[in-house]
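Here are some notes to read with the model open beside you. Take the points one at a time, and find each residue on screen before moving on.

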Amino acid sequence: MRKVLATIALVFTLVPSLVAGNYKNYRVSIYTRAYEVEKMGDPAWLESTWKTISSQLKVDRIYLETHRDTKIVPQATLDAAKKFFQKQGVEVCGGITYTISEANNFETYCYTRPEDRKKVQEIAEYTAKNFDLFILDDFFFVDCKCDACIEAKGDLSWSEFRLKQMTEAGQSLVINPAKKVNPNVKVIIKYPNWYDDFQGCGFDLEHGPKIFDGVWTGTETRDPSGNQHLQNYESYNIITYFQHLNNNNGGGWVDSGGIGMGAYRYAEQLWLTMFAKAPEMALFDYRQLIGVKLEERLKTPWQGTGTSFDWDEMMKPWKGTQPTTLARLAGYVFEKIDPVVGQLGNPVGVKSYKCFHTPGDDFLQNYFGMIGLPMDMYSEFPTDQQVVLLTEQAKSDPNLVRKIDAQLHRGGDVVVTTGLLEAVPEKIAQFAEVSVIGRVLVSDFGRAGKLSKEILIPQVDYYTNDTWEVISAGRPLSRGTSGYPILLRGKYSKGNIYILTVPDDFSDLYVYPDAALNTIRRILCRDLKATLEGPSKVSLFEYDNDKAIVESFLDEPVSVDVVVGQKKIPVSLKPHSFQLIDLK
């Protein structure tokens, strides 16, 4: 297969067939921190480390960082590194991390102080002089609350101030100076994985994707029980969400965080990113690809049972070389999923409306994805769907009532979470007089089944016969004394408004009985060709060419059904494995 050679004029495109290099359906790239780029001034180190990587992984592009933690890579070192990789047939691009000290709680530059603003601009100009495309790593945000920032903020909230400040800084300190130095340069911003909190540090998803030449997407979900609590499904969901912002999402970005759970966790993040049809996969970073060793402790007990990721198969010699580092793990995954991705159309899912800069129900769509609901997030209210999902993230829309009314008058349905109901009860009351009046413990879903534990849910109050319980729960419900709605339905005009009760701990959705989940899926997936029947922690990914992928995130084998009309397609899955199916 051909390699993509370095070019002077870089074409930024999202069409997979045009970006393929060593692989047919996507490119693979490596991001390199300034610390490792600086070491590339030593030819022996560069040649030996590149041999470690290239003997295990096919690489199309490399990003060489010019700055991180106030370290600026010397020009002579950049020149030598660029020349080396171009000789290897690898496209060379740049990168910037705007941190003063990443180790000091991710200390960023201050975009109020003149001396910091000058430094930020100089770094952008230096990088544009050396590259025709460069990426801003995660840290083009601000966490400074110095006296100058406090004074400049005035009466604005910190989110309002920082959004305005960072959008201005992106344009006037990075983009404009870079393009003045190099009119051909493409400036890409990489947004990290914590998108629901962006407004607090100045990441502006409303305007940023429009002023930059493209965006890149952090698809690192690592260990879901870690500090960020990001669910596995987000590695897929965030790609499609960012793509909708301005149709300029260039790819995903994964690191080795979470690999302590097992090598499979790294593999999952890679293929989930590719299932979302990302045209490029950036591996962070050069250091990890040479330094993370393939040790037996990374092999999980269920490996070798026909799983999608097979440790023993990966560890076989590749092109005469025995696998030794993370580079081979990545290479193995890309070779395995390339033919799968080639069969996929465009992703489709349940459309969920998320207003810009609006907190609430944080990352909830990813939990929904983990219970078998294909998610598709938009920052505009969908007007072409039979069902629209509204979480608390829709609360800031001043025209929300009018939009819901129009959807219901069209004969469509609206599903409202209890988070949105609590946030704007007066708006939802226009369609159904319901309210959240407290919290209750439940453990029994009646005919749908019992739970393995008690869970805390919002208690929804409603008028009998004005709305009806579709799913109920109690403590107990069967032969019990009381019950509470899990899913309510109310009629309005030609449509239905549903109230979906979401547990206070979103992960308690995973203990809902299969029968309850099946009902929720059936109601929300009216716009899709297929629905899933079975337990939680099994995801369904659907595409517009009648293809679908079913993936299990369980540690044990599982059997589910994919329902297409009156037909059921049985699917048996090994632990942490996926299966491509035809919906025709």
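1. Start with Y353, which is buried at a relative accessible area of 4%. This is a predicted model, so please keep that in mind through all the points below. Y353 sits in strand β13, residues 350-353. Its ring pairs with that of F381 in an edge-to-face arrangement, with 5.4 Å from centre to centre and 65 degrees between the planes. F381 is buried too, because its relative accessible area is 10% and the cut-off for buried is under 20%. The pair links distant parts of the chain: F381 lies in the loop between β14 (375-378) and β15 (387-390), 28 residues apart from Y353.

2. Now look at aromatic rings across the model. How many aromatic pairs does the structure hold? There are 43 aromatic pairs. One aromatic cluster is formed by F106, F139, F141, Y191, W194, Y195, F198, F203, Y241, F242 and F363. Keep F106 and W194 in mind, since both are among the residues closest to the centre of the largest pocket.

3. That brings us to the pocket itself. The largest pocket holds about 740 Å³ of space. Its lining is made of 31 residues, and those closest to the centre are F106, D138, W194, R222 and Q228. What kinds of residue make up the lining of the largest pocket? The lining divides into 13 charged, ten nonpolar and eight polar residues.

4. Next, the nonpolar cores. In soluble globular proteins, nonpolar side chains tend to be buried together. Here the largest nonpolar core has 104 residues, and L57 and F85 have the most contacts inside it. Which helix gives the largest share of this core? It is helix α13 (residues 326-341), with ten residues. Try selecting F85: leaving out neighbours within four places in sequence, F85 is in contact with M40, L46, W50, I62, L64, V90, V92 and Y286. A second, separate core has 44 residues, among them F161, W194, F198 and L205. You have met W194 and F198 already, as members of the aromatic cluster.

5. T219 is a good residue for practising how to read surroundings. T219 is found in the loop between β9 (214-218) and α9. Is T219 buried or exposed? T219 counts as buried, because its relative accessibility is 1%. Beyond the neighbours within four places in sequence, T219 is in contact with S235, I238, I239, G252, W253, V254, Q269, T273 and M281.

6. Compare that with K145, in the loop between β7 (133-136) and α6 (147-153). K145 is partly exposed, with a relative accessible area of 48%. Not counting residues up to four places away in sequence, K145 touches I150, W158 and R162. You can also check a distance here: K145 and T112 are 33 residues apart in sequence and 9.9 Å apart in space, from C-alpha to C-alpha.

7. The backbone deserves a careful look as well. Most residues other than glycine have a negative phi, and most peptide bonds are trans. N247, in the loop between α9 (234-246) and β10 (249-254), has a positive phi near 55 degrees. N247 is exposed, with a relative accessible area of 54%. K319 also has a positive phi near 55 degrees, and its place is in the loop between α12 (311-314) and α13. K319 counts as exposed, at 67% relative accessibility.

8. Where are the cis peptide bonds to look at? A cis peptide bond joins F284 and D285, with omega about 0 degrees. D285 is in the loop between β11 (280-284) and α11 (286-291). The peptide bond from R475 to P476 is cis as well, with omega near 0 degrees. P476 lies in the loop between β19 (467-474) and β20 (483-492).

9. Finish with helix α18 (residues 514-524). This helix is mostly covered, as eight of its eleven residues are buried. Which residues of α18 are buried? They are A516, L517, N518, T519, I520, R521, I523 and L524.

Note on methods:
Residues numbered from 1 in each chain as written. Predicted model: local features only at pLDDT ≥ 70, side-chain atom pairs only at ≥ 80, totals over all residues. Heavy atoms only, no water. Core = buried A, V, L, I, M, F, W, Y, C linked by side-chain atoms within 4.5 Å. Buried < 20%, exposed > 50% of the residue type's maximum accessible area, 1.4 Å probe, protein only. Helix = DSSP H or I, 4+ residues; strand = E, 2+ residues; numbered from the N terminus. Contact = heavy atoms within 4.5 Å. 1 Å grid on protein atoms, 1.4 Å probe; cavity = no way out; pocket = protein on both sides within 12 Å on 5 of 7 lines; lining within 4 Å. Points joined across faces, edges and corners; volume = space filled by probe spheres on them. Nonpolar A, V, L, I, M, F, W, Y, C, P; charged D, E, K, R; others polar. Phe/Tyr/Trp six-rings, centres within 6.5 Å; stacked < 30°, edge-to-face > 60°.
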